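Work through the exercises below with the sequence and the model side by side. Try each task before reading its solution.

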Amino acid sequence: MKILIERDYDAMSKRAATLVAEQIRLQPDLVLGLATGSTPLGMYRNLIELVRRGDLSFAAVTTFNLDEYLGLAPDHPQSYRTFMEEKLFRHIDIIPVNTRIPQGLPDDIARHCDDYERQIAKHDGIDIQVLGIGRNGHIGFNEPGEEFGKLTHCVTLSDSTRQANARFFSPPEEVPTHAITMGLKSIMNARRVLLLASGADKSEAVRRAVCGDVTEDHPASVLQLHPNCVFVLDDAAAAKLP
Ligand code: F6R
């Protein structure tokens with residue numbers, strides 16, 4: 001595991017964007033795994049700026065997002081599809097059919113999960129998977145206790161995750177109870193993992209991920225076993241590392 005530490009959120013975001021952009025320039029048909037949440041927003045802004053300046057193209061890139069709420073239509077304001085369209089896809093030259101996100105309203109949930117994995121395999125796997133981290137160590141929607149061996153599957157959201165996301169829903173009880181997420185095994189199958197974390201409230205989760213026991217109680221700890229994993233942190237998120 002490699003740890004890169006920058007002074008603040010903006011520098012962390014720029015460093016992460018540079019790593020992704022360099023790889024797209026080397027391999028224009030990169031298969032990129034993406035995350036939602038607030039952490040990657042700065043990286044997305046930097047990538048958009050590179051495309052605007054003509055320094056980067058997503059024309060041959062394919063993306064696979066980690067997760068989506070169950071029960072939300074793609075055009076629901078809080079769906080992760082809407083989030084990705086607003087924060088990244090509509091501002092870059094990616095071909096819309098090359099952006100994949102689990103469906104919020106699949107006809108058959110288990111079949112859709114299998115199909116998502118098949119699509120990833122058809123693209124020869126994910127080259128770089130971008131991750132954020134939850135304060136309880138979750139990655140994707142893989143909460144503490146989730147088995148390391150799972151591929152894309154349906155999960156019940158924990159109360160803490162539902163509460164953390166309630167601010168985006170009105171009324172807050174509208175936060176979905178379930179989601180589809182790539183599993184920890186899907187994440188570990190990526191050739192390279194880039195975990196981004198910023199802020200003091202992530203420092204304990206980062207410490208346990210980097211130096212704690214590898215345990216299903218802290219899902220991100222599984223990344224210690226990944227052969228090519230980079231943590232891009234700001235000073236505050238790195239504060240508890242030895
Ligand atoms: C989002 C996702 C989540 C977030 C995590 C951190 O697709 O997979 O695991 O990365 O909840 O969220 P933020 O970045 O909002 O702190």
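**Exercise 1.** In which strand is the place of Asp-67? Find the strand, then describe the surroundings of Asp-67.

*Solution.* Start with the ground rules. This is a predicted model: local features need pLDDT of at least 70, side-chain atom pairs count only at pLDDT 80 or more, and totals for chains, interfaces and linings use all residues. Residues are numbered from 1 along each chain as its sequence is written.

Step 1. Asp-67 sits in strand 4 (residues 67-69). Helices (H or I, at least four residues) and strands (E, at least two) are DSSP runs, numbered from the N terminus.

Step 2. Count neighbours. Asp-67 has 21 C-beta neighbours inside 10 Å, so Asp-67 counts as buried. The cut-offs: buried means 20 or more other C-beta atoms within 10 Å of the residue's own, exposed means 12 or fewer, and partly exposed lies in between; C-beta atoms are placed from the backbone.

Step 3. List contacts (C-beta atoms, placed from the backbone, within 7 Å). Leaving out residues up to four places away in sequence, Asp-67 touches Tyr-80, Pro-102, Gly-140, Phe-141, Ala-179, Ile-180, Thr-181 and Met-182.

**Exercise 2.** Which residues does the UniProt annotation "active site" cover? Compare the setting of Asn-136 with the one just described.

*Solution.* Step 1. Read the record. The unreviewed UniProt entry puts "active site" on Asp-67, Asn-136, His-138 and Glu-143. UniProt positions are given in the numbering used here, feature names are shortened, and annotations may be inferred rather than shown by experiment.

Step 2. Place Asn-136. This residue lies in the loop between strand 6 and strand 7 (153-156).

Step 3. Count again. Asn-136 has 18 other C-beta atoms within 10 Å and is therefore partly exposed, whereas Asp-67 is buried.

Step 4. Check its contacts. Beyond four places in sequence, Asn-136 meets Glu-143, Pro-144, Ser-160 and Ala-205. Glu-143 also carries the "active site" annotation.

**Exercise 3.** Which strands pair with strand 8 in the antiparallel sense? Trace the bridges through Ile-180.

*Solution.* Step 1. Recall the rule. Strands of a sheet pair through backbone hydrogen bonds, either parallel or antiparallel. Here two strands pair if DSSP finds at least two bridges between them.

Step 2. Strand 4 and strand 8 run antiparallel, joined by three bridges. Glu-68 has Ile-180 of strand 8 as its bridge partner.

Step 3. Strand 7 also pairs antiparallel with strand 8, over four bridges. Cys-154 has Ile-180 as its partner there.

Step 4. Add Cys-113, a residue of helix 4. Its contacts beyond four places in sequence are Thr-152, His-153, Cys-154 and Ile-180. Cys-113 is buried, because 23 other C-beta atoms lie within 10 Å.

**Exercise 4.** What is the order of the strands in the open sheet? Name its edges.

*Solution.* Step 1. Seven strands line up as 1-10-9-6-2-3-5, with parallel pairing.

Step 2. The edges are strand 1 (2-6) and strand 5 (99-100), each pairing on one side only.

Step 3. Look at one edge. Strand 1 pairs with strand 10 (residues 229-234) over five parallel bridges. One of the partner pairs is Glu-6 with Asp-234.

**Exercise 5.** Where are Pro-171 and Asp-124 found? Describe the backbone at each.

*Solution.* Step 1. Pro-171 is in the loop between helix 5 (159-165) and strand 8 (178-181). The peptide bond leading to Pro-171 from Ser-170 is cis, with omega near -5°.

Step 2. Asp-124 is in the loop between helix 4 (109-122) and strand 6 (128-131). Its phi is near 70°, a positive value in a residue other than glycine. Asp-124 is exposed, with 10 other C-beta atoms within 10 Å.

**Exercise 6.** How many helices and strands are in the protein? Finish with the overall dimensions.

*Solution.* Step 1. The protein has seven helices and 10 strands.

Step 2. The C-alpha trace spans about 45 × 40 × 35 Å along its principal axes.

Step 3. Of the 242 residues, 42% are buried.

Conventions: Two residues are in contact if their C-beta atoms, placed from the backbone, lie within 7 Å.
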